[in-house]
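Student: Could you give me a close look at a single part of this one, and fit it into the whole as you go? I'd like the cut-offs too, please.

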There are 2 protein chains.
Amino acid sequence: MSDVLRVGMLGCGNVGAAVARMLHDHASDVERRAGVRVEIVRVAVRDPSKKRNASPLPHLVKEPDDVVAAADVDVVLELIGGIEPARTLVLQAMAAGKSVVTANKALLAEHGPELFDEAVRRGVDLLYEAAVGGGIPVIRTIREHLAGDRVVRITAILNGTTNYILTRMTEGGSTLADAVGEAQDLGYAEADPSADVGGHDAAAKAAILATIAFDTSVPGSAVFREGIERVSPEDIAFAGRLGYVVKLLAVAERVGDAVSVRVQPAMIPYTHPLAAVRESFNAVLIEGERVGPLMLLGRGAGGDPTATSVVGDLIELARGRASAGSITMAGHAAHGPAGAAARPLLHMDDLEGEYYLLLEVADRPGVLAAIAHAFAHHQVSIKQVWQEGRGEDAQLVLITHRAPERTFRECVRTLRGLQSVKDVRSVIRVEAAEA
Amino acid sequence: MSDVLRVGMLGCGNVGAAVARMLHDHASDVERRAGVRVEIVRVAVRDPSKKRNASPLPHLVKEPDDVVAAADVDVVLELIGGIEPARTLVLQAMAAGKSVVTANKALLAEHGPELFDEAVRRGVDLLYEAAVGGGIPVIRTIREHLAGDRVVRITAILNGTTNYILTRMTEGGSTLADAVGEAQDLGYAEADPSADVGGHDAAAKAAILATIAFDTSVPGSAVFREGIERVSPEDIAFAGRLGYVVKLLAVAERVGDAVSVRVQPAMIPYTHPLAAVRESFNAVLIEGERVGPLMLLGRGAGGDPTATSVVGDLIELARGRASAGSITMAGHAAHGPAGAAARPLLHMDDLEGEYYLLLEVADRPGVLAAIAHAFAHHQVSIKQVWQEGRGEDAQLVLITHRAPERTFRECVRTLRGLQSVKDVRSVIRVEAAEA
């Protein structure tokens with residue numbers, strides 16, 4: 001075994017530069033903890049002549065093939081993101097007997113099981129702590145710390161941009177558009193914020209967590225997904241009056257032998273451990289059968305926090321070289337040829353839930369009776385109701401008791417058809433604190 | 001390599017029984033993740049005839065030597081607690097080439113470096129996730145996840161009993177004695193609660209965290225320690241009015257090349273991430289140079305949560321058998337023969353701090369002037385002050401600005417000597433949120 005772990009890096013943006021800086025600045029600590037030196041020996045970048053905020057990077061190359069196939073590279077660090085060419089390069093690296101570290105959530109959400117299988121077949125490791133929750137050790141906690149326990153449910157804030165936006169709307173009374181603008185000014189949100197705001201980013205991460213927590217295979221595209229586009233300052237204010245906070249939550253849970261994975265705006269009681277997660281922080285509440293509730297909170301994005309996860313993975317690979325392949329295999333044997341079948345994924349219709357509704361109504365006698373009748377007809381019972389405003393601005397705020405989603409959706413359809421209901425302005429799921 | 005990891009267990013109380021249950025109930029998950037079956041093959045207990053709430057335990061023996069020296073034992077799980085005979089047995093197990101998993105905080109706090117050195121010398125591993133924070137993966141997070149980062153500060157609630165007591169005093173207005181009684185009724189506190197209430201338990205855990213986070217050697221007995229015995233409902237109420245919550249905090253921080261480790265009641269702003277940690281929960285806020293703030297929250301005690309950590313360690317050992325010794329070595333090379341020297345431990349006097357004071361004073365003109373003069377004389381500046389009550393019951397509540405501890409202590413001595421100060425009732429450190 002050589003006394004250096006030679007890393008070949010694909011891509012060198014924010015995270016790559018932070019990894020290079022960390023390996024340089026903390027070189028002696030890393031060497032002591034890894035048992036060997038960890039060095040970046042090759043980096044493939046689109047434009048090798050571009051100036052980078054990273055420690056001296058040796059051997060900038062233009063062709064990623066010169067990294068994944070290089071004989072002097074032990075481990076490939078994939079930081080280019082997206083599905084292709086990342087997927088092909090990762091497969092090539094593994095075919096060449098190299099373990100892979102990646103921060104690529106999209107790739108893992110869509111092709112995780114294929115890549116895990118390939119790693120097992122090739123006897124290499126595939127580590128990806130940085131793909132979910134930035135600097136938070138959520139993958140390690142589920143795969144290693146809770147290896148003897150059974151995860152029952154994960155409730156998480158996995159997108160810092162939307163959490164920042166909702167925090168501004170909650171604490172500053174901003175509109176969605178203004179809060180998005182602030183997030184863009186701070187560099188939290190992209191020029192096109194739809195991947196964050198629409199819940200796509202969180203859904204990809206939720207798919208990865210569900211896949212590893214429940215030993216199954218949930219593609220990101222199969223996650224029920226609803227963004228925060230329709231959350232209004234009004235909804236947030238009413239939530240506050242009821243003792244709730246609105247968060248974009250990712251929930252993955254076991255329901256019998258099946259699993260449910262969803263990303264949607266949700267109201268949680270202000271006493272819920274996730275309610276206090278503000279600004280751009282991420283947090284993951286894992287409920288285990290034996291461990292009980294376990295919450296991890298930290299920076300979900302940013303070069304340095306994400307690099308911390310990447311370097312943690314590199315050091316783990318360096319330590320475990322004598323048993324290469326064992327990390328991935330142990331965690332993902334379910335996906336191997338002899339592994340268990342994937343668990344069925346429940347449709348939202350098959351769940352139960354409590355809901356908040358905001359209705360625009362005609363302000364005249366009998367309106368509440370008509371609405372209450374519609375709820376009764378669908379056997380959805382009302383926990384709380386009040387009227388806001390008079391005349392043209394009359395609104396009805398309702399919270400339901402727990403009801404099957406399917407009948408609740410039918411009830412909403414019926415409400416939309418009522419003459420006295422001008423509009424169903426908002427429908428937001430209420431997640432009770434069960435921790 | 002055999003296809004089973006054979007565990008010899010020393011002691012079988014709450015945690016041991018929970019470990020046995022977990023290995024039995026989750027046997028197939030554990031085997032898939034560990035790569036081998038994990039089986040308890042021998043258990044040493046004081047009274048083998050006693051009935052236990054554990055899955056069928058094979059081979060109950062009375063002599064611990066029959067476990068640590070047994071040829072059919074691969075790993076020794078030490079759950080007897082205390083220093084001796086635990087220390088000798090752990091050393092014997094390692095001398096016999098066996099890796100050790102332990103939940104013994106007292107042993108690690110006093111003899112950790114000796115045991116780590118011995119593990120490195122013998123080429124075995126010593127894992128102890130359960131020793132700090134029960135079911136919370138704090139050891140794994142510091143040693144593995146943050147292996148590439150540098151921990152700057154750890155601020156933690158490490159004792160569930162005192163956190164429960166302070167929660168009752170805060171939310172129910174209980175006196176300390178009543179809250180201790182409630183904790184005893186619930187089984188959180190021992191008949192003699194002094195190890196918890198006096199901060200000894202938290203100090204041992206803080207010593208372990210400081211030792212591994214800062215690659216040094218801090219014995220539990222060297223930790224500055226103050227219990228919650230003198231915290232009154234009055235202090236908690238005044239803290240609340242100022243926007244603070246009182247917690248028994250363990251703080252370990254780098255100060256230049258030295259470290260400071262202390263356990264004491266402290267006021268933290270109600271917006272601090274640890275302020276919302278209620279009841280018997282534990283939480284650890286780690287601030288890393290690159291990762292930023294990272295908080296872990298969960299059950300700090302109890303059979304099942306603690307067993308989760310133990311089984312996680314056993315599975316890690318099973319996975320890493322090809323490279324036995326590498327886990328401990330990588331993390332603790334600093335303690336090896338060629339390792340770095342221990343960092344100096346700062347005395348409290350060498351720190352700075354903000355403080356809350358509650359003084360019983362004579363209610364007459366000039367009192368405040370005399371007190372303000374004393375503060376000015378010691379160059380401690382006052383941030384806030386107000387008088388509570390009149391006549392015989394007059395009290396002065398003060399919060400200072402940041403000042404060197406040494407001069408602050410001298411200032412308190414001066415205050416005690418003033419004629420107008422009948423008593424310095426409380427002195428509580430204020431920890432500002434720097435996260």
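Tutor: Take the contacts in chain A between residues at least 6 apart in sequence: 74% of them join residues at least 24 apart. Contact here means heavy atoms within 4.5 Å. Bear in mind that this is a predicted model, where local features need pLDDT of at least 70 and side-chain atom pairs count only at pLDDT 80 or more, while totals for chains, interfaces and linings use all residues. Residues are numbered from 1 along each chain as its sequence is written, chains are lettered from A and ligands numbered from 1 in the order in which they are written, and side-chain values use heavy atoms, with hydrogens and water left out.

Overall, chain A has 15 helices and 17 strands. Those are DSSP runs numbered from the N terminus, H or I over at least four residues for helices and E over at least two for strands. Its C-alpha atoms fill a box of roughly 80 × 50 × 35 Å along the principal axes. The radius of gyration is 24 Å, which agrees with the value near 22 Å for a compact globule of 435 residues; it is taken over C-alpha atoms, and the globule rule is 2.2 Å times the number of residues to the power 0.38. Of the 435 residues, 60% are buried, that is, under 20% relative accessible area with a 1.4 Å probe and protein chains only.

Now for the close look: strand β13 of chain A, residues 352–361. Eight of its 10 residues are buried, so the strand is largely enclosed by the rest of the structure. β13(A) has a partner in β17 of chain A (421–430), joined to it by eight bridges and running antiparallel. To count as a pair, two strands need at least two bridges found by DSSP. In that pairing, A:Leu357 has A:Val427 as its bridge partner. β13(A) also runs antiparallel to β15 of chain A (395–400), with five bridges between them, and there A:Glu360 is partnered by A:Gln395. Then there's β16 of chain A (403–404), which pairs with β13(A) over two bridges, again antiparallel; A:Glu352 sits opposite A:Pro404.

Set that against the parallel sheet elsewhere in chain A. It's open, with six strands in the order β3-β2-β1-β4-β5-β6. The edges are β3 (60–61) and β6 (126–127), each pairing on one side only. Inside the sheet, β4 (75–78) and β5 (99–102) share four bridges, and A:Glu78 of chain A is matched with A:Thr102 in β5(A). Helix α12 (303–319) of chain A packs on this sheet: it touches β1, β2, β4, β5 and β6, and its direction makes about 165° with that of β5(A). The axes behind that angle are lines fitted to C-alpha atoms, for helices over the stretch in contact, and angles run from 0 to 180 degrees between N-to-C directions.

Two more covered spots in chain A are worth a click. Helix α6 (138–145) has eight of its eight residues buried, including A:Arg140, A:Arg143 and A:Glu144. In the loop between β7 (151–157) and α7 (160–171) you'll find A:Leu158, which counts as buried because its relative accessibility is 2%. Leaving aside residues up to four places away in sequence, A:Leu158 touches nine others you can pick out, among them A:Val132, A:Asp201, A:Leu209 and A:Val284.

Finally, the second copy. Chain A can be laid on chain B with an RMSD of 0.0 Å by a turn of 180° and a shift of 0.0 Å along the axis, which is the relation of a two-fold axis. The superposition is by least squares on the C-alpha atoms of residues with pLDDT of at least 70 in both copies. In chain A, the C-alpha nearest the axis belongs to A:Leu296, at 2.3 Å. Both copies use the same surface, since 100% of the contact residues of chain A recur in chain B. Chain B has its own open six-stranded parallel sheet, ordered β3-β2-β1-β4-β5-β6. Its β1 (4–10) and β2 (37–44) are joined by seven bridges and run parallel, with B:Leu10 partnered by B:Ala44.

Conventions:
Buried means under 20% relative accessible area, exposed over 50%, partly exposed in between (1.4 Å probe, protein chains only).
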